[in-house]
Amino acid sequence: VTGSGPGREPPATNAPRRAWVEQIMGMPISVHLRGSSVGGAAAAAAVAAVFADLRVVDAVFSTYRADSDVMRLNRGEVDLAGCHIDVGEVVELCDLARLRTGGVFDPELPAPDGGTWFDPSGLVKGWAVERAAAHLTALTGPEGLDFCLNAGGDVIAGTATDDSPAWRVGIEDPADLSRILCVLPLRTGGVATSGSAHRGAHIVDPRTGAPASALMAATVTGPSLMWADVYATAAVVRGADALEWLDSLAGYEGLVVSPDGQAFATPGFPVTAS
Amino acid sequence: LSKAPGARKCPTPTVRYIGTFFERLGDSSQFEAAEGRRAVAAPSGADTNCRDDRINSYAVAVLHDEALAARSANIDTVSGATVTSNGYIRSLQPAIDAAPVARS
């Protein structure tokens, strides 16, 4: 999943770096590039393409925009065939996510006015960010650039070579947002965290309709950011048996924080000492 | 990052007791007892030693007192529960996003 094992310090790098930040989909999106060509036209174009992709996704999927395809679908003004083609893909992925999480992930969520509606937000973010990151992956070979994309706390990274230093991803302490629990070294793949730290108890257990509160947070890392994100949300809903379940998922490792702030991780969860 | 010192090998490394552990969080007195982090109070019944060892060898406890002050940890980015644009300003990320610009 990630390059370094526990305790191995990534080598220091003095490579030039550059960061871009935009607010899209109601959250900060930051792109960090590392390498000699960070100031070049290819880098700038790829970063612009990432932001442009995410703006389109927001227009199609946002539940905060009355004119989005998803909201028109929810009001019955269009059917799936009348929506942007991405909506059909996301519906299929939501079905797969429901299956893979034993029903714990479910896009049929309580609507603000009662009843339920189709709200795929819990999957769309990871899916969209992972797809947009392909513009940055395209820079790793020809441009020799490392990238790290953070979308509202979910991270996807790639490096030009296996020798590139891992990005050091701090896992936020949900009990004290000014601190981090540990540092996860990441060369390629995703890290997603779900929980209630910033937005209150916004994760709903689709089986009961009640907010999930058995865990303060769950972090999952693995090859796909979208699945890491789905699994992290599902872990928070599962609560009691979250670690056991995360450990059963091939290719993914997880860390959970209990309501009193103690953190526990699956055996393969990669962390550096500091 | 720590493993249970001298954890016994238990027959089947089932991890069922993780579930038990978290379920027991509702009972605060039990949990206080468990806060020696290695010695999680096992429910009464047989197999107590194995139960503890399973918890310890399975869940790698990332202890709270090992939590790092972010400024000293030299991190590149922060993963946290969904940060909104409003929450961003209160998170650690803005300083990190600003730093590389200054360095390049």
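**A guided tour of helix packing in chain A, with a look at chain B**

In this predicted model, helix α1(A) passes helix α4(A) in a right-handed crossing. Select α1(A), residues 41-61 of chain A, together with α4(A); their axes come within 9 Å and cross at roughly 150°. An angle over 145 degrees counts as roughly antiparallel, so α1(A) is described as roughly antiparallel to α4(A).

**The contact of α1(A) with α4(A)**

Display the side chains where the two helices meet. On the α1(A) side, select A:Val50, A:Asp53, A:Leu54, A:Val57 and A:Phe61. Facing them from α4(A) are A:Val124, A:Trp127, A:Ala128, A:Val129, A:Arg131 and A:Ala132. Coloured by class, this contact shows 9 nonpolar residues, no polar residues and 2 charged residues.

**From α4(A) to α3(A)**

Keep α4(A), residues 121-132 of chain A, on display and add α3(A), residues 85-100. The axes of these two helices come within 11 Å and cross at roughly 120°. That angle lies outside the range of 65 to 115 degrees for roughly perpendicular and is not over 145; α3(A) and α4(A) are therefore oblique to each other. The crossing of α3(A) and α4(A) is right-handed.

Next, show the residues that form this second contact. α3(A) contributes A:Asp86, A:Glu89, A:Val90, A:Leu93, A:Cys94 and A:Ala97. α4(A) contributes A:Leu123, A:Val124, A:Trp127 and A:Arg131. Sorted by class, the residues in the contact of α3(A) with α4(A) are 7 nonpolar and 3 charged, with no polar residue.

**A:Asp86**

Centre the view on A:Asp86, which is found in helix α3 of chain A. Is A:Asp86 buried or exposed? Its relative accessibility is 9%, and because the cut-off for buried is under 20%, A:Asp86 counts as buried. Leaving aside residues up to four places away in sequence, select the three that A:Asp86 touches: A:Phe61, A:Trp127 and A:Arg131. A:Phe61 belongs to α1(A), while A:Trp127 and A:Arg131 belong to α4(A).

**A:Glu172**

Move now to strand β7 of chain A, residues 167-172, and select A:Glu172. This residue is buried, with a relative accessible area of 5%. Add A:Thr193 and draw a line between the two C-alpha atoms: A:Glu172 and A:Thr193 are 8.7 Å apart in space and 21 residues apart in sequence.

**Chain A as a whole**

Return to a cartoon view of chain A, where the secondary structure comes to 7 helices and 12 strands. Of the 274 residues in chain A, 57% are buried. Among contacts in chain A between residues at least 6 apart in sequence, 58% join residues at least 24 apart. A surface drawn on chain A covers about 10000 Å² of accessible area, and 53% of that area belongs to carbon and sulfur atoms.

**Chain B**

Finally, select chain B. How many helices and strands does its secondary structure have? There are 5 helices and 3 strands in chain B. Followed along the sequence, the pattern of chain B reads α-α-α-β-β-β-α-α. Buried residues account for 45% of its 104 residues. Among the contacts in chain B with a separation of 6 or more, 49% are between residues 24 or more positions apart. Chain B exposes about 5500 Å², with carbon and sulfur atoms supplying 52% of it.

How values were computed
Residues numbered from 1 in each chain as written. Chains lettered and ligands numbered in written order. Predicted model: local features only at pLDDT ≥ 70, side-chain atom pairs only at ≥ 80, totals over all residues. Heavy atoms only, no water. Axes fitted to C-alpha atoms, helices over the stretch in contact; angles between N-to-C directions. Helix = DSSP H or I, 4+ residues; strand = E, 2+ residues; numbered from the N terminus. Parallel < 35°, antiparallel > 145°, perpendicular 65-115°, else oblique. Left-handed = near helix turned anticlockwise from the far one by under 90°. Contact = heavy atoms within 4.5 Å. Nonpolar A, V, L, I, M, F, W, Y, C, P; charged D, E, K, R; others polar. Buried < 20%, exposed > 50% of the residue type's maximum accessible area, 1.4 Å probe, protein only. Areas by Shrake-Rupley, 256 points an atom, 1.4 Å probe, with all protein chains shown as cover.
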